[in-house]
Amino acid sequence: VGDRLLAIARKETRQLLRDPVYLGLAFVVPLMLLVLLGYQLSLDVKGLLVAVIDRDRSAWSRQYVDGFVNSEYFTLVARLDSEAEAREWIRSGRARVVLDIPPDFGRRLSASETVAVGITVDGSYPSRGQIALGYVEAVSALHNEQLLRAWLVEQGRRSGQVVPVQMDMSVWYNPTLESKNFVVPGMLVIVMMIFPPLLSALLIVRERENGTILNLYCSPASRWDILAGKALPYVAVSFIDFLVIFGASVWLFQLRFVGNAWLLSAAALLYSVCTIGLGLVISALSRSQLAAMLATFLIAVAPAFTFSGIFAPIASQDAVGRFVARLIPATYFMDVVRGAYLKGGEAGAYAPDLAALGVYAAVVYGVAWLALRKRVG
Amino acid sequence: MRRRLLALIRKEFSQLFRDVPMLLFLVWAFTGAVYTSGHGGGTELRQYPIVVLDLSQGPSSRELVSRFRAPYFKLVAQVWSDDEVVSRLDRGEASLAVVIPPDFERRAQEATARFQVISDGSQSMSATLAAAHIRSIAYRYSVERLVALPGFTGRGIPRIDTRPRVEYNPNLVETWFSSLLEVFTQTTMIAMLLAAAAMVREREHGTVEHLLVSPLRPLELFAAKLVPVVTLVPLAALTSVLGVVHGAFETPIRGSVALFYAVTLIYVFAMASLGLAIAALARTLGQAMMLLLLIFYPMTLLSGAFSPPESQGTLMRTVGVLSPVRHYVDFAYQVLFKGNGLAYVWQDVLGILGLGVALFAISVHRFARLVR
């Protein structure tokens with residue numbers, strides 16, 4: 001029985017090696033994506049375009065605006081005169097935030113009063129709007145602290161009491177808070193969900209399009225022989241893909257890696273089995289290569305990108321989102337990958353993730369097995 | 001000549017409609033996929049999972065902790081040891097820990113209290129946001145304590161109070177944005193894939209030669225490949241915007257739907273031309289798909305939907321201008337969300353049109369070279 005499986009695997013390997021362009025793309029394309037994302041593309045929101053209506057034009061208001069000018073999170077693009085003008089700047093996208101400083105700004109502050117500053121934010125990109133509000137809040141809080149400090153000194157109080165409740169912040173796992181440190185490992189998860197399933201999604205449907213599938217149906221090879229024989233070489237390709245990306249991320253990008261490389265490799269192998277299996281299911285159910293490609297994009301690639309928690313914690317998704325997240329293997333592998341690159345920790349903590357990947361693999365190959373039979377009958 | 005072209009177009013249509021599973025996937029792409037992606041997480045701060053280790057257990061610390069609340073934060077658990085804090089963060093069950101020392105209550109009376117925040121920086125965007133929020137919560141709490149201290153009778157302290165107003169999406173509903181983004185993503189991907197597949201299929205089956213010896217010119221051949229894509233995809237996108245984005249998620253559509261549809265036609269033409277240009281490089285559909293994705297992901301991530309163009313370096317900003325996706329995303333959100341007309345978006349429209357014509361010319365040229 002093993003002979004038949006191996007024979008099919010040997011045939012698939014030979015076919016794979018006969019198209020070096022294709023095979024080369026399978027390695028080069030993921031690597032290029034990583035280089036691009038790792039080096040050039042920053043997902044950190046910085047330099048937001050801010051405009052100011054300064055109706056006060058005093059030293060007080062200038063100091064406040066300077067807080068924005070000196071922050072890397074904002075770029076001051078204009079000083080405006082009216083609210084109508086501000087609306088226009090937001091509407092045309094020339095400014096994302098407009099500060100409206102009232103005429104009595106300096107007078108009120110010097111009289112130890114509270115003064116309201118209007119903040120208008122473009123909400124058409126909601127995440128960005130919220131980030132902008134958060135940054136405005138932070139710059140204002142910093143400025144308030146300075147005001148308070150000066151005022152307390154004036155009152156002859158201890159400066160230690162400036163802020164009665166102070167926060168000390170420490171950032172773990174990614175102390176410099178750079179998106180690169182998690183986007184590159186995150187893209188490893190996504191990339192391994194793109195290219196291996198794409199390769200395997202064509203395996204059965206191509207034979208069907210070419211008519212060679214009948215040879216397999218007539219052969220004494222069992223469905224299991226066919227599936228495993230086709231999967232084996234591609235799981236190997238996917239795993240080598242992983243090794244290349246892993247190596248590049250650690251040696252080329254000099255990314256932080258604190259975890260256990262063996263554990264990560266084991267998870268990557270299991271993940272490869274899952275992704276190749278998912279491709280096989282799609283392949284067994286499709287009638288054309290085009291349909292298989294489209295299905296791979298819709299069922300494998302896009303959900304991994306949207307739901308696996310690459311950009312924000314899964315807890316931030318709503319009930320439907322969390323449900324979908326739990327259904328896809330990328331979520332579990334993402335957990336292991338992020339842990340291995342950034343967190344470390346004991347291997348036992350990742351057992352549930354590995355178990356989930358194992359269950360997923362079993363289900364996927366089971367479905368592929370069933371789907372293959374339907375076509376024989 | 002007209003009849004020849006029509007015959008070819010008819011053939012392309014029937015080839016498309018024969019593939020029922022593929023059509024079902026197309027329907028899913030513009031309905032189910034858009035609907036589910038509306039539920040995916042954005043990078044905004046929502047239900048950010050935190051744990052609290054409160055060693056003080058006094059009224060002050062409880063008051064502080066009670067302020068970390070929905071919709072921004074979600075208290076996953078109260079824990080009782082440092083080890084538990086570490087393990088919750090390690091396992092990703094919480095993304096932020098608030099640690100309040102035993103002497104918090106006493107020092108709060110003296111106005112010198114401190115507490116510690118440990119943040120999981122592995123998702124740097126939401127971590128930055130969470131830190132900013134906690135800082136301002138602590139600050140507001142401080143001010144209240146300060147005012148309540150003896151010696152602050154009746155007098156205020158100098159303070160700036162921000163009054164935010166959000167335009168176009170007052171409650172910052174992420175679903176409006178993300179469901180629409182998914183429509184654009186599907187439009188982009190499917191326009192490229194369908195066009196590329198139509199061309200690669202001929203190459204794989206060796207029927208390109210048949211077409212070459214036919215009296216059709218390459219320009220006509222390409223037009224025939226594009227017509228079904230440009231007919232179907234913008235219609236699907238429009239249906240999805242009106243049916244799912246507006247219908248199911250009640251996203252307000254403020255602008256001209258006709259303008260959106262017209263420019264979507266041009267956009268699909270541009271992306272389908274890009275698909276054809278890629279098809280000229282690929283021998284098999286697998287190869288074509290890989291090249292497509294190599295272009296697709298950087299274009300999507302650079303489109304301005306994930307981070308604003310001003311946050312990118314000069315190189316990426318320049319490259320971004322060459323991407324039709326970038327212009328289209330800007331155009332579509334402006335028209336649909338802000339109700340802007342041509343006066344605001346003409347540059348984007350020109351960009352899409354120019355890139356579309358250029359891409360079409362490149363693909364025809366490449367194919368013509370292939371023939372010789």
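The exchange below goes through some assignments in a predicted model and the definitions behind them.

Trainee: What conventions apply to this predicted model?

Mentor: Local features need pLDDT of at least 70, side-chain atom pairs count only at pLDDT 80 or more, and totals for chains, interfaces and linings use all residues. Residues are numbered from 1 along each chain as its sequence is written, chains are lettered from A and ligands numbered from 1 in the order in which they are written, and side-chain values use heavy atoms, without hydrogens and water.

Trainee: Why is E202(B) called buried?

Mentor: Buried means under 20% relative accessible area, exposed over 50%, and partly exposed in between (1.4 Å probe, protein chains only). E202(B) has 6%, so the residue is buried.

Trainee: What makes K11(B) partly exposed?

Mentor: Its relative accessibility is 28%, which lies between the two limits, so K11(B) counts as partly exposed.

Trainee: How do you know that E202(B) and K11(B) meet in a salt bridge?

Mentor: A salt bridge is a side-chain nitrogen of Lys or Arg within 4 Å of a carboxyl oxygen of Asp or Glu. Here the N to O distance is 2.5 Å, so the pair qualifies. E202(B) is in helix α8 of chain B and K11(B) in helix α1 (residues 2-18) of chain B, 191 residues apart. Helices are DSSP runs of H or I with at least four residues, and strands are runs of E with at least two, numbered from the N terminus.

Trainee: Why is the pair of D120(B) and K343(A) said to join two chains?

Mentor: D120(B) lies in strand β4 of chain B, whereas K343(A) lies in helix α14 (residues 329-343) of chain A, so the pair joins two chains. Their salt bridge has an N to O distance of 3.2 Å, and both residues are buried.

Trainee: What is the nearest side chain of opposite charge to D353(A)?

Mentor: That is R91(B), 9.5 Å away. Lys and Arg count as positive and Asp and Glu as negative, while His and the chain ends are not counted. The distance is not within 4 Å, so D353(A), although buried, has no salt bridge.

Trainee: Why are β5 of chain A and β2 of chain B said to stand at the edges?

Mentor: Two strands pair if DSSP finds at least two bridges between them. Each of these strands has a single partner, so one side of each is left without a neighbour in the sheet. The open sheet has the order β5(A)-β4(B)-β3(B)-β1(B)-β2(B). β5(A) and β4(B) pair in the parallel sense over eight bridges.
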